[in-house]
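Please look at the sequence and the fold shown here. The paragraphs after them go through selected parts in turn.

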Amino acid sequence: MRAARLIKMVLLLQSRPTMTAAELARELEVSERTVTRDAQALSEAGVPVYAERGRAGGYRLIGGYRTRLTGLARGEAEALFLSGVPGALREMGLEDAASAARLKVSAALLPSLRDASRTAAQRFHLDAPNWFREPRTPESLPAVADAVWDDRRITARYRRGRDEVTRELEPYGLVLKAGVWYLCARATGIPGGSLEDPGSGSGASYRGYRVYRIDRFAAVAAGEERFARDDGFDLPAFWADRAEEFARSLLRSEVVVRLSARGLRALPHAVDAPAARAALEHAPAPDPDGWVTVTLPVESEEVAHGQLRGLGPEVEVLAPGTLRERFARDARRLAELYGTP
């Protein structure tokens, strides 16, 4: 464990000009006294760690010292080569850069670890698009990706229904969800409360940030002006927040249903996951026949009809009456098709 910690300490000092003992202790999850002992151990081993005292002091490496990645274990090296998504990198125009980076890392590894890229690729592959969907790369994606990397503002024409709107955006990050590319950006000059996509509203933590589908950009122009990125923006946390908000926003109606034990087990596979969770969290005890009555959030009566039909005789719709009548008509048609003459 200590050897891994010492390697991490050297890599941290390579990436920053100076780090205080408190900063190193926080990154390494040890005490400042342990940092002092580790710095002394590195110095004795020939790593030129220098300690500067005073209010502006800290630890730094001198003489342009660099270390090769000889401290990587096989599992760490293989995990490193899993970090890229080949299809996504290709669509963003980064395939050549990623290939060059992998070659450089491979060259820096110990000879015994240089097959890590091959062994990882043979065992794991990420296929992002949904089944039965031909993935299409949006024409604007490479330009948007370049702007995201360089923190450059973009002017985009965005299709909203039959209309197009022009937006000045600060592009913060890209998300690939089920084969669809989204841009998370901070929009400038949009009145508060205006939403671009459902679920991209202004939450307390991310006010002003919105989500845009890249394939709805009619045109994108990147300027030379760079924006000051908010270091507090957390892309995974922002996306999780918006995805949950979007899923909830779709569930605008409710239906009341009775479910058999088999129907209860099948419900999460028949309806949207947030709807199933909401219904099952408040499910009462089964009735004497073993059935459970729940209130199920749904997008609409039409959607509920299509989803619940998959449960067949394991579900009975109690309300609304219009949806119950739909199922009654389905039942009569089935009886006509399969009933004994």
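Which strands does helix α8 lie across? Helix α8 (residues 141-150) lies across β3, β4, β5 (180-188) and β7, and it runs at about 70° to β4. The model is a predicted one, in which local features need pLDDT of at least 70 and side-chain atom pairs count only at pLDDT 80 or more, while totals for chains, interfaces and linings use all residues. Residues are numbered from 1 along each chain as its sequence is written, and side-chain values use heavy atoms, with hydrogens and water left out.

Some terms come next. Helices (H or I, at least four residues) and strands (E, at least two) are DSSP runs, numbered from the N terminus. Angles run from 0 to 180 degrees between N-to-C directions, with axes being lines fitted to C-alpha atoms, for helices over the stretch in contact. Contact means heavy atoms within 4.5 Å.

A second helix, α9 (residues 235-250), also packs on the sheet. Helix α9 touches β4, β5 and β6, and its direction makes about 75° with that of β6.

The sheet itself is open and has 5 strands in the order β6-β5-β4-β3-β7, with antiparallel pairing; two strands pair if DSSP finds at least two bridges between them. Because β6 (209-213) and β7 (217-226) stand at the edges with a single partner strand each, one side of each has no neighbour in the sheet. On average, neighbouring strands of this sheet are turned by 45° against each other, direction ignored. Within the sheet, β3 (residues 152-160) and β4 (residues 163-177) pair in the antiparallel sense over 7 bridges. Tyrosine 158 has valine 165 in β4 as its bridge partner.

Two loop residues have a positive phi although they are not glycine. Aspartate 151, in the loop between α8 and β3, has a phi near 55°. Glutamate 29, in the loop between α2 (21-28) and α3 (32-44), has a phi near 60°. Glutamate 29 is exposed, with a relative accessible area of 73%; buried means under 20% relative accessible area, exposed over 50%, and partly exposed in between (1.4 Å probe, protein chains only).

Helix α12 (residues 301-308) has buried residues: Ala304, His305, Gln307 and Leu308. Their cover includes β8 (253-259), α10 (261-270), β9 (292-298), β10 (315-319) and α13 (321-338). In the loop between β10 and α13 lies proline 320. A cis peptide bond, with omega about 0°, joins alanine 319 to proline 320.
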